[in-house]
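Subject: Structure for your review

Dear colleague,

Please find below the structure that I am handing over to you. My notes on what was found in it follow directly after.

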Amino acid sequence: MKFNQCVQPQAPENSDNKVWKWHIQDPASQRLTWNKPPKSVLVIKKIQDASLLQPFKELCVFLTEKNMIVYVERKVLADPVIQADESFAAVIQKFCTFREDLNDISNRVDFIICLGGDGTLLYASSLFQKSVPPVMSFHLGSLGFLTPFNFDTYQSQVTQIIEGNAAIILRSRLRVVKESREKNARVDKKGIIMTNGDSEGSRKAMQYQVLNEVVVDRGPFSYLSNVDLFLDGHLITTVQGDGVIVSTPTGSTAYAVAAGASMIHPNVPAIMITPICPHSLSFRPIVVPAGVELKIMLSRDSRNTAWVSFDGRKRQEICHGDNITITTSCFPVPSICFQDPVNDWFESLAQCLHWNVRKKQNYLSSKEDVF
């Protein structure tokens, strides 16, 4: 599999006049092509949603008839309705199953099909901590901002993907490393970690790949959260409020937009920083280059701890001495488009968020006075 980009950015130089030019890539030029025909597909279905059982069965039967190797999570097949369907039993026997926390299938799957809403795509992203196969998302959930495909014509659409006839958008992710101190370490009044001489052994690090956003908030406490925000090692501000959102361009239309951020097209290489109810009239959301390193820590004089979540999951506490490092990941999510990256995005803005919808102003007839 490869992603074919018809136009590459380049900066040719005119040696006489010293004039530099920048050739901008057309987002619609990104295409999915296969080095060899795909043979395996991962089908992800939203759990505990009875309305998805019939589409799931139809899709799996269609894929097996095309001689595709179908991967399905074990917990999906544990649904009593699926287990009781005798007509579907023969299809189940052909499945390859796996468990989220135990099995690595990153090198076994050619592409992914998601049945559900935006959360299903976020879950699919979390299954792959490195390279992610192309993802085709069907709108069978509530909002559907990231799910452009309609299931009514799934057979022709899936066939097009198998044939390699599709546009694609590379959705950037955040690489997040949370370093925390062990319980046997303590922090003095100045925020310095005190250990028994083994500083390395007193810390542990967890890594996450995040598609939408990292959210740091005050958790169950009534006090303001008080966290320091560093950019490339420099303290740029202290966030005093309910928290802060660090999001990708894809995540800019999720929690961030509800907190007052701008909406950024997924092709823009950037990271967005959005405060949550800041106790300041001048703290506006900002956009920083994708190549920077952000670090978030509790302020030394913070009255309480904070809490962090990654795409709404893995929620955990941030204590004094802990830190969260955020950079742009080297492993984006290749999301298959219905039309192309630009038209799909504006269609989602219009259909899901009703962007710039209002009753139109009446026109003036020639006989009416302008004033």
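Does Asp 217 count as buried or exposed, and what is its relative accessibility? Asp 217 counts as buried, because its relative accessibility is 14% and the cut-off for buried is under 20%. Please bear in mind throughout that this is a predicted model.

**Salt bridges**

The count of salt bridges comes to five. Three of them are described here, beginning with the one that involves Asp 217.

The side chain of Asp 217 meets that of Arg 315 in a salt bridge, with an N to O distance of 2.9 Å. This pair links distant parts of the chain: Asp 217 belongs to strand β15 (residues 213-217) and Arg 315 to strand β23, 98 residues apart. Unlike the buried Asp 217, Arg 315 counts as partly exposed, at 44% relative accessibility.

A further salt bridge is formed by Arg 218 and Asp 242, whose closest N and O atoms are 2.8 Å apart. Arg 218 is found in the loop between β15 and β16 (225-231), and Asp 242 in the loop between β17 (234-241) and β18 (243-247), so this pair ties together parts that are 24 residues apart in sequence. Both residues are partly exposed: Arg 218 has a relative accessible area of 25%, and Asp 242 has one of 24%.

The side chains of Lys 178 and Asp 322 also meet in a salt bridge, at 4.0 Å from N to O. Lys 178 lies in strand β11 (residues 174-181), whereas Asp 322 lies in the loop between β23 (313-318) and β24 (323-328); the pair therefore ties together parts that are 144 residues apart in sequence. Lys 178 and Asp 322 are both buried.

**The six-stranded sheet**

Strands β11, β24, β16 and β17, named above, also take part in an open sheet of six strands. The order of the sheet is β14-β11-β24-β21-β16-β17, and the pairing is antiparallel. At its edges are β14 (203-210) and β17, each of which pairs on one side only. On average, neighbouring strands of this sheet are turned by 20° against each other, with direction ignored.

How many bridges join β16 to β17? Seven bridges join these two strands, which run antiparallel. Where the strands face each other, Asn 226 stands opposite Gln 240 in β17.

With kind regards

Notes: Residues are numbered from 1 along each chain as its sequence is written. This is a predicted model: local features need pLDDT of at least 70, side-chain atom pairs count only at pLDDT 80 or more; totals for chains, interfaces and linings use all residues. Side-chain values use heavy atoms; hydrogens and water are left out. Helices (H or I, at least four residues) and strands (E, at least two) are DSSP runs, numbered from the N terminus. Buried means under 20% relative accessible area, exposed over 50%, partly exposed in between (1.4 Å probe, protein chains only). Two strands pair if DSSP finds at least two bridges between them. Axes are lines fitted to C-alpha atoms, for helices over the stretch in contact, and angles run from 0 to 180 degrees between N-to-C directions.
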